[in-house]
Amino acid sequence: MKRIFLFLLFNMVLFSLHAQDLQALQQAAIQNNRTLQSSRIAVQMAQEDRKQAFTNYFPSIQAAGGVFQGFHRLVQVDVGESLFAQFGLPPITISAIKKGALVNAMAVQPVFAGGQIVNGNRLARLQEEIRQLQLQMSERDVSIQVARLYWQVVSLKANIGTLDAADRQLAEVHKFTSDYAAAGLTTRNDVLRVELKQQELASSRLQLQNGIALSEMALAQLCGSPTATVPAVSPAGSKGGEQTLIDSLISRIGADTCKLAEVSTPLPLGEGLVVGLRIESLLSRKAVDAAALQVKMERGKYMPTAAIGISDMYYNMMAKNVNNGVVFATVAVPISAWWGGSHAIRKAKLAQQQAANDYEDTVEKLRLDNQTAWNNLQESLSQITIAEKSIVSAEENLRMSLDQYKAGTLPLIDLLDAQTLRQQAADRLIEARANYQLRLAEYESKVNP
């Protein structure tokens, strides 16, 4: 009893370590994944858009200045033309301003812009929130991809373990068959048949090893390897070196994780799977809000605008400095824009209706998705139970077949069939346990915090 307790305790500790490795890989992917880095840049861009939109509340300030030099004087006036004509004298021509300089500064504060400034700021904040939600959804999807590749590596390595057991069994069968053939109790064909089965397992092993290598490479790329590094333990006499933290975590993935998979009891459907709190639902709801703001923005383009301002001008054109200021107010009414504006507003309203329809469609699909996730999880639990019963039957069948073959009462082909059935049952159990872990990760990703 004590040995059983220690064995179970060891298994629980080992499973906990593997679970921590998976979480560490998911955290590494969240930090280093290229797609997520692009999503974070998109969030920063949305933040800059929000800050830029806020500056529309500030006055618009402009300054301009210049100097000029004319080929001739710009102002030429004939003085005394009618007076001097009485005496037969030509008029006197006065000219001025051949060169000069001027500077003008103006500040305009918008008073009313049809709500475009207020709604523009609301829309910018909403776009930032949308980008944040999209980042959260991308992080969730990347975590699921990491879990999928992680459990794929686990299942493939567990399949290697199944092949090892099958190789040992076939080696024993090959010895018996070779002895029987040497004694004349069977033919050489049976020995060749066993060797063909061994070669088939060798081919399967090669495929599994290639699959493991590719899956580990895909997992490392997803996690952003080799951005984070830690010193690696170097053997005595070596020069040392560095191994990526991600690669070291991947190298620790073993078949034991699948064998020690704990079956937890998730929340029942309806307790935590709230459609309205799913990221997809929140995104669709904000799309409706954005469409409503777009209607207001479009309507604001065709409303009167009002502004107040102040202007100051300095000029020197006749060897004298002159400075003057003016306060003004403006009102602009886009009358001709109303002709096409009604159609633009109607189009924006149609887009709002379309967004509302998409939201309702999203909610309905999310309800179906929640139910599907729950059903898949329950099905995976049932598949584990069935696979565990199947492997018990397959192992007993193989044991009995081996005993009968040794006793000479069972043909070799039946023994090989029993061995194949046992291998298939073991692979199905591995697949069922790995599939359960993946279904559990998918289910938990949909549970609202």
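**Entry 1: terms and surface patches**

For my notes, a patch is made of residues with over 30% relative accessible area and no salt bridge, where like charges are joined within 9 Å and nonpolar side chains (Val, Leu, Ile, Met, Phe, Trp, Tyr) within 5 Å. I am working on a predicted model, in which local features need pLDDT of at least 70 and side-chain atom pairs count only at pLDDT 80 or more, while totals for chains, interfaces and linings use all residues. Residues are numbered from 1 along each chain as its sequence is written, and side-chain values use heavy atoms, with hydrogens and water left out.

I looked up the nonpolar patch to begin with. V331, V333, I335, W338 and W339 form it on the surface, and together they have about 600 Å² of accessible area. Accessible areas here come from the Shrake-Rupley method with a 1.4 Å probe, and for residues only the protein chains shown count as cover.

I then picked V333 out of this group. I find V333 in the loop between β8 (321-332) and α9. Helices (H or I, at least four residues) and strands (E, at least two) are DSSP runs, numbered from the N terminus. V333 has a relative accessible area of 41%, so this residue is partly exposed. My scale for that word: buried is under 20% relative accessible area, exposed is over 50%, and partly exposed is in between (1.4 Å probe, protein chains only).

Next came charge. R122, R125, K296, R299, R346 and K349 gather on the surface in a patch of positive charge. Helices α4 (116-182), α8 (279-300) and α9 (338-406) are the elements that give two or more residues to the positive patch. Lys and Arg count as positive and Asp and Glu as negative, with His and the chain ends not counted. I take the place of a charge as NZ of Lys, CZ of Arg, CG of Asp or CD of Glu. One member, R122, lies in helix α4 and is partly exposed at a relative accessible area of 39%.

**Entry 2: the whole chain**

I stepped back for the totals. The secondary structure comes to 10 helices and 8 strands. Of the 449 residues, 34% count as buried. I get an accessible surface of about 27,100 Å² for the protein, and 58% of it belongs to carbon and sulfur atoms.

How much of the contact list is long in sequence? Among contacts (heavy atoms within 4.5 Å) with a separation of 6 or more, residues 24 or more positions apart account for 80%.

**Entry 3: two residues with distant partners**

I checked S138, which is found in helix α4. Leaving aside neighbours within four places in sequence, S138 is in contact with L36 and S39. S138 and L36 are 102 residues apart in sequence, yet 6.6 Å apart in space, C-alpha to C-alpha.

L429 was my second pick, and its place is in helix α10. Is L429 buried or exposed? L429 counts as buried, at 9% relative accessibility. Beyond neighbours within four places in sequence, L429 is in contact with I384, A387, E388 and I391. I also noted that L429 and S155 are 274 residues apart in sequence and 9.6 Å apart in space, C-alpha to C-alpha.

**Entry 4: salt bridges**

Side chains of opposite charge can pair when their charged atoms come close. I count a salt bridge when a side-chain nitrogen of Lys or Arg is within 4 Å of a carboxyl oxygen of Asp or Glu. The structure holds 24 salt bridges.

Where does E442 sit? I find E442 in helix α10 (residues 412-446), and at 18% relative accessibility E442 counts as buried. Outside its neighbours within four places in sequence, E442 is in contact with I144 and R148. E442 forms a salt bridge with R148, the closest N and O atoms being 3.3 Å apart. This pair links distant parts of the chain, with E442 in helix α10 and R148 in helix α4, 294 residues apart. R148 is partly exposed, with a relative accessible area of 35%.

E442 also meets R439 in a salt bridge (3.2 Å, N to O). R439 and E442 are 3 residues apart in helix α10, about one turn of the helix. I have R439 as partly exposed, at 25% relative accessibility. Elsewhere in my list, salt bridges that share partners join R140, D141, R278, E280, D369 and K446 into one network.

My last lookup was E396 with R399, whose side chains meet in a salt bridge (2.5 Å, N to O). E396 and R399 are 3 residues apart in helix α9, so about one helical turn separates them. E396 is partly exposed at 34% relative accessible area, and R399 is partly exposed at 42%.

Key
Contact = heavy atoms within 4.5 Å.
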